[in-house]
Amino acid sequence: NQDGRFNDAELVQILKDSMEDPAGLFGARMVPKALRMVEIAGILTARKWNLASLNEMRDFFKLKRHSSFEDINPDPKIADLLRKLYDHPDMVEMYPGIFLEDAKPAMDPGCGGCPPYTVGRAVFSDAVTLVRSDRFLTLVS
């Protein structure tokens with residue numbers, strides 16, 4: 001405004017719209033085209049470093065292995081694409097696999113990012129580990 005202050009109602013609307021915008025959701029075909037080269041570099045680096053497959057990562061987190069491409073993503077188009085790229089669900093690489101997994105359904109309001117199950121489990125596991133091993137917050141009896 002003229003006095004240098006922002007309109008509170010407009011700020012609230014901007015925040016509300018931002019929180020409900022699905023632009024940051026995980027899932028197949030959710031990566032912006034502008035980040036295509038970053039995705040390719042990530043896949044190539046994962047191959048160079050011999051990262052675990054998606055199912056190997058799920059084993060680490062004690063999750064059920066995907067036994068079919070439809071387990072990874074029930075969308076027939078995505079499952080068929082995976083089938084064309086990989087011989088078996090055990091061959092699906094971790095990096096693309098965690099983004100192609102079926103995402104948590106969006107809930108209104110507050111979807112929480114809707115991560116795929118493996119990503120959510122990994123992030124939660126990391127957060128718990130950080131809290132448990134924090135030298136300032138952990139009490140030793």
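Residues are classed here as buried below a relative accessible area of 20% (under 20%), as exposed over 50%, and as partly exposed in between, with a 1.4 Å probe and protein chains only. The model is predicted, so that local features need pLDDT of at least 70 and side-chain atom pairs count only at pLDDT 80 or more, whereas totals for chains, interfaces and linings use all residues. Residues are numbered from 1 along each chain as its sequence is written, and side-chain values use heavy atoms, with hydrogens and water left out.

Helix α7 comprises the 16 residues 117–132, helices being DSSP runs of H or I with at least four residues, numbered from the N terminus. Its end C-alpha atoms are 22 Å apart, in agreement with the 22 Å expected at 1.5 Å a residue, a span taken as 1.5 Å times one less than the number of residues. In α7, T118, V119 and A122 are buried; seen down the helix axis, the buried residues fall within an arc of 100° and therefore line one face, the arc being that of the directions from the axis to the C-beta atoms. On the other side of α7, Y117, F124, V131 and R132 are exposed. The buried residues of α7 pack against α3 (54–60) and α6 (94–100).

Leaving aside neighbours within four places in sequence, L82 is in contact (heavy atoms within 4.5 Å) with F69, I72, V92 and L100.

F60 is exposed, with a relative accessible area of 64%, whereas F61 is buried, at 14%.

How values were computed: Helices (H or I, at least four residues) and strands (E, at least two) are DSSP runs, numbered from the N terminus.
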